[in-house]
Amino acid sequence: MAIEDDVLVIGGGLAGATAALAAAEQDVQVRLITHKQSTLRHASGLIDVLGYTPEGDGPLVDPFDALSDLPDGHPYERVGAEAVREALSFFDDVAGEAYAGAHTDANALVPTHGGTVKPTARYPASTAAGLASDDRDALLVGFETLPDFEAPLAGAHLEAAGVPFSARGVTLSFPGIVRDDAKVTRYAHLLDQNESVSTSAGETCAREALAAAVEAHIEGESRVGFPAILGDEHAAEVRADLADALGVDVFEVPMGPPSLPGLRLEDLLYDALEAAGVRVTSGVPVVEYETGADGDRIDHVVVDRTGSKLPHRADQYVLATGGLVGKGVRSERDRVYEPLFDCHVPHAADRYDWFVDDVFGDQPYARFGLRVDRELRPLTVADDPEFSNLRAAGAVLSGYDFAAEKSGGGVSLATGYVAGTRAGEEGGE
């Protein structure tokens, strides 16, 4: 006997979680199935709507000014600008005080760990004091045991980029951390729990020891930036304690994977899913599906739970399994394909046309994914919906290059919101 729901979302990243939350708003029974760990833990935690046009113009001040000029087939063109606004508002309600940026349509410029600035629409509150539009001088603090953040180099890059403030970096020893391969979660846990650490002055608490190590290096700066390791469950408390001790504003610089801001966003979304009554089934892959008699609708999918095949039936389905990186789209020598429902993925017949020699050029493979109609239903070669009750959202879609445009989070949010809302509306009929 199949497990029954009204809406079944496949994929547990930003697009999938948003789709499930949006569907649940329609008062239907929703289940989210996810196989592997969410890609959110590899994400920056920033919600980028559109930082650059497909032609490379930017950074854009107002991303909404550019949405109407996007080409046919771009995910934003499919859902429309108003849906993007609604999705952002939906996210703002879910995120609450954990995120900033809702007061304006303009992009914020957030410093990155490489010393560049990234245009983004919504950003964690922990990064707010570090915005590049702020003209206050900044001290960046790196640590000898955390080589992914070269604070002096990042400061020099920021100044070279023309930010309206002085940026200077120092590298220190992190109190209580001696292993150069310690995970970022170890730094966060030490500060979360305010563990006792040994310093030259004796035993003291980790937050106090860190503030003491940094204090001597402040030379008039009114804000201090740390790599994004300042706590997990008690991140706001850690940041506030450091700010009080140092007498300056404290901010985090988003880091590469694994990313604490990404993990915090994952926790935020999954707490919201639980509160909304969404049933989450994790650690199981979808391995098969069956259609109804006419082949137009998906009847059920089958998941593999440690060798046992379990059918899940729903009225509506949302596919949010990611792109090439997330393996929601796959490639072999002679084809590019979507592995769960074998939906059509447009691509050149000659594999040598899938890329260009310039590694920084406009790479065709970056846009591989599913073409969809305005209901976000995947289309066949003949432009007909693959299935009447399947929608797609997020990086599995074609028509955009999230890395070049800085649009990944926004597309996942907007298409997840629209796909989930429509699935919820039809699943409740």
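## Internal cavity

In this predicted model, the largest cavity is lined by Thr18, Leu21, Phe90, Phe91, Val94, Leu269 and Leu413. Its volume is about 30 Å³, and the structure holds one cavity of 30 Å³ or more.

By residue class, the lining of the largest cavity divides into six nonpolar residues, one polar residue and no charged ones. Helix 1 (14-24) and helix 4 (81-95) each supply at least two residues of this lining. Helix 4 gives the most to the lining, with three residues.

## Nonpolar surface patch

On the surface, Leu324, Tyr352, Phe355 and Tyr365 make a nonpolar patch of about 400 Å². One of these residues, Tyr352, is found in the loop between strand 18 (335-337) and strand 19 (390-392). Tyr352 counts as exposed because its relative accessibility is 54%, and the cut-off for exposed is over 50%.

## Cis peptide bonds

Two cis peptide bonds are described here, one from Gly58 to Pro59 and one joining Pro257 and Pro258. For the bond from Gly58 to Pro59, omega is near 5 degrees. Pro59 lies in the loop between strand 2 (30-34) and helix 2 (63-67).

In the bond that joins Pro257 and Pro258, both partners are proline, and omega is about -10 degrees. Pro258 has its place in the loop between strand 12 (249-253) and helix 9 (260-276).

## Positive phi outside glycine

Asn194 has a positive phi, near 50 degrees, although the residue is not glycine. Asn194 sits in the loop between helix 6 (184-192) and strand 9 (196-199). With a relative accessibility of 26%, Asn194 counts as partly exposed, since the partly exposed class runs between the limits of 20% and 50%.

Asp342 also is a residue other than glycine with a positive phi, here near 55 degrees. The place of Asp342 is in the loop between strand 18 and strand 19, and Tyr352 of the nonpolar patch is found in the loop between these strands as well. Asp342 is exposed because its relative accessible area is 52%, with the class beginning over 50%.

Notes. Residues numbered from 1 in each chain as written. Predicted model: local features only at pLDDT ≥ 70, side-chain atom pairs only at ≥ 80, totals over all residues. Heavy atoms only, no water. Patch = residues over 30% accessible without salt bridge, like charges linked within 9 Å, V, L, I, M, F, W, Y side chains within 5 Å. Areas by Shrake-Rupley, 256 points an atom, 1.4 Å probe, with all protein chains shown as cover. Salt bridge = Lys/Arg side-chain N within 4 Å of Asp/Glu carboxyl O. Helix = DSSP H or I, 4+ residues; strand = E, 2+ residues; numbered from the N terminus. Buried < 20%, exposed > 50% of the residue type's maximum accessible area, 1.4 Å probe, protein only. 1 Å grid on protein atoms, 1.4 Å probe; cavity = no way out; pocket = protein on both sides within 12 Å on 5 of 7 lines; lining within 4 Å. Points joined across faces, edges and corners; volume = space filled by probe spheres on them. Nonpolar A, V, L, I, M, F, W, Y, C, P; charged D, E, K, R; others polar.
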